[in-house]
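Student: Hey, I have a new structure to get through. Can you walk me around?
Tutor: Sure, pull it up.

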2 protein chains.
Amino acid sequence: MDAKEILKTHIAKTAVLTDEQFDYFFSHFKSQSFHKGQAIISKGDQVEHEYFVLSGCLKSFFINDEQKMFILQFAMPTWWASDFNALYNQTKATINLDCITDAQVLSLSNADREKICKELHSVEHFFRWRTNKGFVATQKRLLSVMNNNVKDRYEELLKQYPELYNIVPKNLIAAYLGVSRETLSRLYHP
Amino acid sequence: MDAKEILKTHIAKTAVLTDEQFDYFFSHFKSQSFHKGQAIISKGDQVEHEYFVLSGCLKSFFINDEQKMFILQFAMPTWWASDFNALYNQTKATINLDCITDAQVLSLSNADREKICKELHSVEHFFRWRTNKGFVATQKRLLSVMNNNVKDRYEELLKQYPELYNIVPKNLIAAYLGVSRETLSRLYHP
DNA sequence: TTTTGAAAGTGATCTAGGTCACGCGACCCC
DNA sequence: GGGGTCGCGTGACCTAGATCACTTTCAAAA
C-alpha cells in the first residue's frame, strides 16, 4: 500500500472526503525519508511541521536539566508526531523528535493544516477527532503513571503495543515509563 | 456578566461567529446550579454532557483500587469539564466530577455538540482548538510529573492558579500533585 | 453551648525506585 | 580483526515520599 492509500484509509475512519477533496488534501503533504538515529526536530528549532508515520518508528522526547531523557511518545505507522506545543503556539521546540529505526513519513506544515481545515470542513472534523484521541490517551497515561507501579505500567505498555518489544531497546522503554534502566531490568531478573 | 456573555467572550477568542450563529449555538446549552460537594458525574454513569463552568470550582478525579483519589483537573470559570473519555467513546464513567464550591455551569450534550459542529464550521474550529489546548496542557503536566519533584510541582501549580490556594484545601492539592497530604504539609513545615 | 468532624501538623518507620560501580557479550566500523 | 560503544545484567547503598499513629485547630451542625 502506498503513502496515499495509507493516509486515505486512516482519514476515512473519522471523516468523509470525496476523491477530489482527498487528492487536494494529500497535495499538501511532502514525503520524506529518514534513517535510524536521525533527528527530525531538535530542541530550540522553529517547529513548522507535523509528521504522519508511514513506516518505521519515531520517538518524541524531552531532556531535562540533569540530561535525563523522558519519552513522550513512540510513533508507529499511522501515528502523528511533532512538538505540538511549539507547533500550535509557534514557539521554539522543547521536545525532540528522532528516528528509532529507518522511517518514512508524510510532513504537513502548520500553515497548510490551518488552510485546509478552513477550506474543508471535513478536514477540520478529522483533526478535531485526532486531537480528541490524543488528549484522552495522554490523560489515561497520566492516570496510569499516578496510580500504577512500574511493573504494571510496563505490562500495560507491552499488551497495548507488543511490536515495541522487538523494535525498541529496554533503555528507551525505561525512559518512556520514567524509571531507570536498572529498575526495569530488575523487574524480570530479581 | 451573564452566562451568555461569558460563553460568547470565551468562544470569540478562537472562533468567529455572527450573533445569530452564536444565539443558535447558545440555544443548545442548559444552565445548571450545583452546591458544594454535589456530584455531577459518578463512576459507572452513562456520560452524556460536558460542562462549561460559569462560577465556582469543580474537580474531576479518579479513585483507584486502594480507594486513593487522584485529581485530574480543577475546573475554574471558563473551563470545560467532563469524563471526556466516556463522553467521546460513549462508555461508562471511570472519572468522577463534583463541586468543590457552589457552582453554576452550562451543560452541552455530546449529541448536540456533534450536531452543531456539523452545522457550523466555526464551532467545529472552536472545539478543535479547545482540545488542542487541553492536549498540550495534559502533555505538559505529564512531563512535569515525570521530571519535577513535589515541591517544584506545587509551586508551579500555585504560580499558574494562585486562586486555588484560597479555595482548595491542601489535601485536594496533594491529590492533584499525586502525593500524600503529609508530604505536602512537610514541604513548608519541616 | 456543646458536639462533631474535617483539615492540618508531626514523629517514627518503611519501601520503591534511584544512583553508582562494575562486568560481559554483541555489533558496528575503520 | 581489534577497539569502541551500546545494550543489558547485577551488587551495594541511598533517598524521596508513603504509611501509620497521634494531636491540634477550627468551623459548622445540632
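Tutor: Keep in mind that this is a predicted model. Let's begin inside chain A. Leaving aside neighbours within four places in sequence, Ile116(A) is in contact with Phe25(A), His28(A) and Val123(A).

Student: Where is Ile116(A) placed?
Tutor: In helix H4 of chain A, residues 110-119.

Student: And is Ile116(A) buried or exposed?
Tutor: Buried, because 20 other C-beta atoms lie within 10 Å of Ile116(A), and 20 or more is the cut-off for that.

Student: How far apart are Ile116(A) and Met146(A)?
Tutor: In sequence, 30 residues. In space, 38 Å from C-alpha to C-alpha.

Student: New topic, the DNA. Which residues come nearest to DNA strand D?
Tutor: There are 13 residues around strand D. The nearest are Pro169(A), Lys170(A), Ser185(A), His189(A) and Thr183(B).

Student: Which elements give two or more residues there?
Tutor: Helix H8 (170-177) and helix H9 (181-188) of chain A, plus helix H9 (181-188) of chain B. H9(A) gives the most, with 3 residues.

Student: What classes are the residues near strand D?
Tutor: 3 nonpolar, 6 polar and 4 charged.

Student: OK, which residues come nearest to DNA strand C?
Tutor: Thr183(A), Pro169(B), Lys170(B), Ser185(B) and His189(B), out of 13 around that strand.

Student: Which elements give two or more residues to that surface?
Tutor: H9 of chain A, with helix H8 (170-177) and H9 of chain B. The largest share, 3 residues, comes from H9(B).

Student: And how do the residues near strand C divide?
Tutor: Into 3 nonpolar, 6 polar and 4 charged.

Notes:
Residues are numbered from 1 along each chain as its sequence is written. Chains are lettered from A and ligands numbered from 1 in the order in which they are written. This is a predicted model: local features need pLDDT of at least 70, side-chain atom pairs count only at pLDDT 80 or more; totals for chains, interfaces and linings use all residues. A residue is near a molecule or strand if its C-beta atom, placed from the backbone, lies within 6 Å of it. Helices (H or I, at least four residues) and strands (E, at least two) are DSSP runs, numbered from the N terminus. Ala, Val, Leu, Ile, Met, Phe, Trp, Tyr, Cys and Pro count as nonpolar, Asp, Glu, Lys and Arg as charged, and the others, Gly among them, as polar. A residue is buried if 20 or more other C-beta atoms lie within 10 Å of its own, exposed if 12 or fewer, and partly exposed in between; C-beta atoms are placed from the backbone. Two residues are in contact if their C-beta atoms, placed from the backbone, lie within 7 Å.
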